[in-house]
Amino acid sequence: MLPEFNTMGAWKQLSYGLPACGGAFHGGSLQPMNRIAGLETEYGCLVADDEPHGSSDTWPVRVKNHLFNRARAGVFDLHYRDYEEPPGNGGFLLNGGRIYIDMGHMEYASPECLSLRDMVAYDIAGDMMLQSAIDEMGVRERVSFLKNNIDHHTGATFGCHENYLMRRDLQFHPDILGTLLSFLATRQIFTGAGRVGQANPLAFDFELPNDGGKPVDFQISQRADHIVNDVYQWVQFNRAIINARDEPLADYRKYRRLHLLIGDSNVSPFATALKVGTTALVLTLLEEKSLPVDVVLRDAVASTREISREGSGRGAVQLEDGRTRDALDIQYEFLEHMKKHFARKDEETDWILESWAFTLDALREKPELLIGGVDWISKKWLLETFRESEGLDWQNPWLQSIDLEYHNIDPARSLFQALKPAKRIGEFNDSVRRTEAMRVAPANTRAHGRGNAVAYFQEHHLPYVINWDSIALENQNYLMMPDPFETYEEEVAGFLP
């Protein structure tokens, strides 16, 4: 039996927003690769049927206001960021990140970081801030935020967007792009969050030929069914693996920002670290034009869906040259290629390579070793255990409720938090839950200077403008901060009165 929980009857999922079509550059990645990366997390909201003070549309706004007005986690934007973001819609945080409302849902963007552990810690800080607000407002039993990507009730999807700073001089010619898409389509075997059932968005209102119309009980990725393009610019209703908008939020002469939409939100810190760590390694070799050339998929979008719906991580996909290979085999090839270039480079890179190898070996030989580490495996084990004990089929709506509770950010309700992972995974998961990440910015990036500015504006009632790459005061020039690798501590101190 699973730990006791009650998600039926008193609870329902009311509304989730659609994912942002853009977003800002924000933080966290790998110091050895000299790369900044980060996550934008869009949260679902669950509200009890008998909650008298709001709905899942209004509670994100109330929590946002509490964080800025009562908890003093940051300062509101005083200006329009665009026509959809009026003053007070959100703001920057003491930790250098940002919280705001995007099309009805809560969104948290992490600050710039230069280590993998920092990146994961600052991603988790968003969960911790939201849950602390819920606790302080005394509504823990009636309101919850979920770190997932689908609404079973409405069929809507919302995203976890990855941002990676890259060299401007890189040209995404077809060979490079094809290899990158192959990696992204197949990495879901360890980054997928898992889901019950399937979705058929407007652009995919038919089954792919290999599906044969057979219903899907459980699949690896929450986002796979909703990805309809490989690369596309305007993605609010036409979601692509890669968003092609060129908005570096840094010196455009030096940098570009790779904005990925394909990834699931991971509640397992180990999975988040693997997702970003392995991708950063691949991007480093992509910039050096050293990626493998024999793994290009014939159709990356179709393969993403096929691998997810096959449901074991061993799904076979067709390559551009006509061969057929399974997703696990393709990931092994990427791993071996990375080992040749990065083995024994530094401690953090070695951790990524060793964890990547451990995960692929476990997927092939003993998937239960990944419970508590890979989300889809953990969730599937919970669902199958409960389904068999209760004699339920996969279409029972109770399983959808369990699916959602897996993603609850409240440690007391989260089914993920009840799992006991293997020692290696458990130690990593514990090591990156750092309460100070809610209020202290990373010390070695642009987020540090921004966090200092936020703290100053909390104490001094002055008209200000804060952006990812600048701050300004009324009647003064902007302080431009175009280099995310600089702290701007002295520049900010000199700029402020």
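This passage describes the internal cavities of a predicted model and the contact between two of its helices.

Rolling a probe the size of a water molecule over the atoms shows where empty space is left. In the present structure, three cavities of 30 Å³ or more are found, and the largest of them holds about 130 Å³ of space. Its lining is made up of Ile124, Asp127, Lys147, Val267, Pro269, Asn408, Ile409, Pro411, Ser414, Phe416, Gln417 and Arg433. When these lining residues are sorted by class, six are nonpolar, three are polar and three are charged.

The second largest cavity has a volume of about 70 Å³, and the residues that line this space are Leu184, Ala185, Arg187, Gln188, Thr191, Ser221, Ala224, Ile262, Gly263, Asp264 and Thr304. Two or more residues of this lining are supplied by helix α3, which covers residues 174–186, and likewise by α4, which covers residues 188–191. Sorted by class, the lining of the second largest cavity comprises four nonpolar, five polar and two charged residues.

Attention now turns to a pair of helices. Helix α5, formed by residues 269–287, and helix α11, formed by residues 423–431, have axes that come within 8 Å and cross at roughly 90 degrees. Because angles of 65 to 115 degrees count as roughly perpendicular, α5 and α11 are therefore described as roughly perpendicular to each other. On the side of α5, the residues that take part in the contact are Pro269, Phe270 and Ala273, and on the side of α11 they are Ile425, Phe428 and Asn429. By class, this contact of α5 with α11 involves five nonpolar residues and one polar residue, with no charged residues. Pro269, which belongs to this contact, is also one of the residues that line the largest cavity.

A search of the whole structure for aromatic pairs gives 15 of them. One such pair is formed by phenylalanine 270 and phenylalanine 428, whose ring centres lie 6.4 Å apart and whose planes stand at 80 degrees, so that the pair is edge-to-face; the cut-off behind this assignment is that planes over 60 degrees apart count as edge-to-face. Since phenylalanine 270 lies in helix α5 and phenylalanine 428 in helix α11, the pair ties together parts that are 158 residues apart in sequence.

Definitions and conventions: Residues numbered from 1 in each chain as written. Predicted model: local features only at pLDDT ≥ 70, side-chain atom pairs only at ≥ 80, totals over all residues. Heavy atoms only, no water. 1 Å grid on protein atoms, 1.4 Å probe; cavity = no way out; pocket = protein on both sides within 12 Å on 5 of 7 lines; lining within 4 Å. Points joined across faces, edges and corners; volume = space filled by probe spheres on them. Nonpolar A, V, L, I, M, F, W, Y, C, P; charged D, E, K, R; others polar. Helix = DSSP H or I, 4+ residues; strand = E, 2+ residues; numbered from the N terminus. Axes fitted to C-alpha atoms, helices over the stretch in contact; angles between N-to-C directions. Parallel < 35°, antiparallel > 145°, perpendicular 65-115°, else oblique. Contact = heavy atoms within 4.5 Å. Phe/Tyr/Trp six-rings, centres within 6.5 Å; stacked < 30°, edge-to-face > 60°.
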